[in-house]
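User: Could you walk me through this model, and for each label tell me how you know it applies? I'd like the cut-offs too.

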Amino acid sequence: MQSELHTTPDAAQTVVIIGTGGTIAGASGSATDNVGYKAGSLSVASLVKAVPALASKALEAEQLAQLDSKDMDHATWARLARRVEQHLARPEVRGVVITHGTDTLEETAYLLQRVLAPSKPVVLTAAMRPATAIQADGPQNLLDAVAVAGAEGVRGVVAVVAGQVWSGLELRKTHSYRLDAFEAGPDAGPLAVVEEGIIRRFRDWPLGEALGATLLPEDSTGWPWVEVLGSHAGADGRALDAWRAAGLQGLVLACTGNGTVHQALEASTAALKQSGVPVWRTTRCAQGRIVGAVDEPAGALSPWAARVELMLHLLQRG
Ligand code: SIN
């Protein structure tokens, strides 16, 4: 998609801002309405223009999508990963900012870190209040995100929200309404904070080996079908049996406590495994990991990050 906004001078410091929608680009008819708005209404160029302190920076803004992130899809992920990879390869680009909805931000962040593992910063940012709200948090979050993306020494995929910098591999949305809606799991804190544009770092930036954006099929139909199922009181295996019959390719169980599964799901889970479908266990607890299960590939991931990881595993297997 076309770049919409270019500000100037110091080309070696260029930060590219890619818009994908979300509440940060949301608009409501009333400034006091924090929930009845339409996400993904305003262009990323207009979000940048609304922050006067960004006017002096070398920025490019481009609109890749305009989604409520509850509707994020695999084809958009593939386009986004490829586009970010292209920008990062430009010597004049210092870093990339992605404006995104908070609802699935952790999934996008996890995916991008695993496929790009960039040596430059890729900073997702978001807002819990629409741009039209009295207490709109998007402008400050965007300003902080640009500061992180332009800073010396930052690398990897991170998220910047409410003055905190989270690892793309760890962050989880843990609150439905508060401005500081994110935490890191399991039992981890923020990587850094941003205070008046200055980054105070506590831990290392995310590292890892890049799987490459070309691993991601451009068409959603090329992605493996992987579902998350919660184990809960009164669980019933019929959904699993139906998914197996329909061709499910991978399952992530959001297990109770330390990775336990309701006995009513055991037979259906065993049948899936017997038919060659990988079944990974995670905990549905907001914090912690599955302790004592060293072979469990997703024991320390949230169910949502584990679903991404399992899809990447299946894509690599071909
Ligand atoms: C969305 O995820 O796109 C809507 C909610 C939000 O951004 O907070």
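Analyst: Sure. A residue is near a molecule or strand if one of its heavy atoms lies within 4 Å of it. This is a predicted model, with local features needing pLDDT of at least 70, side-chain atom pairs counting only at pLDDT 80 or more, and totals for chains, interfaces and linings using all residues. Numbering starts from 1 along each chain as its sequence is written, and side-chain values use heavy atoms, leaving out hydrogens and water.

User: Which residues surround the ligand?

Analyst: By that 4 Å rule, the ligand is surrounded by Gly22, Thr23, Tyr37, Asp68, Ser69, Gly101, Thr102, Asp103 and Ala127.

User: What makes the shell 2 nonpolar, 5 polar and 2 charged?

Analyst: Ala, Val, Leu, Ile, Met, Phe, Trp, Tyr, Cys and Pro count as nonpolar, Asp, Glu, Lys and Arg as charged, and the others, Gly among them, as polar. Sorted that way, the shell around the ligand gives 2 nonpolar, 5 polar and 2 charged residues.

User: How do you know that Ser69 makes a polar contact with the ligand?

Analyst: A polar contact is a pair of N or O atoms within 3.5 Å (within protein, one must be able to donate a hydrogen and the other to accept it, and residues adjacent in sequence count only if both atoms are side-chain atoms). A polar side-chain atom of Ser69 sits 2.6 Å from a ligand oxygen, so that pair passes. Asp68 also qualifies, with a side-chain N or O atom 3.2 Å from an oxygen of the ligand. Asp103 uses a backbone N or O atom, 3.0 Å from a ligand oxygen. Taken alone the ligand exposes 250 Å², and the protein buries 95% of that (Shrake-Rupley areas with a 1.4 Å probe; for residues, only the protein chains shown count as cover).

User: Why are S6 and S7 called a pair?

Analyst: Strands (E, at least two residues) and helices (H or I, at least four) are DSSP runs numbered from the N terminus, and two strands pair if DSSP finds at least two bridges between them. S6 (residues 156–161) and S7 (residues 164–167) have 4 bridges, so they pair, in the antiparallel sense. Val160 stands opposite Val165. In their hairpin, with 2 residues between the strands, Ala162 takes a positive phi near 55°.

User: How do you know that S7 and S10 pair?

Analyst: S10 (residues 192–195) shares 2 bridges with S7, antiparallel, so the pairing rule is met. Gln164 stands opposite Val193 there.

User: What is the peptide bond from Gly185 to Pro186?

Analyst: That bond is cis, with omega near -15°. Pro186 is in the loop between S9 (182–184) and S10.

User: What makes S12 and S14 edge strands?

Analyst: The open sheet has 3 strands in the order S12-S13-S14, with parallel pairing. S12 (226–230) and S14 (279–283) each pair on one side only. S12 and S13 (residues 250–255) are joined by 5 bridges, with Val228 partnering Val252.
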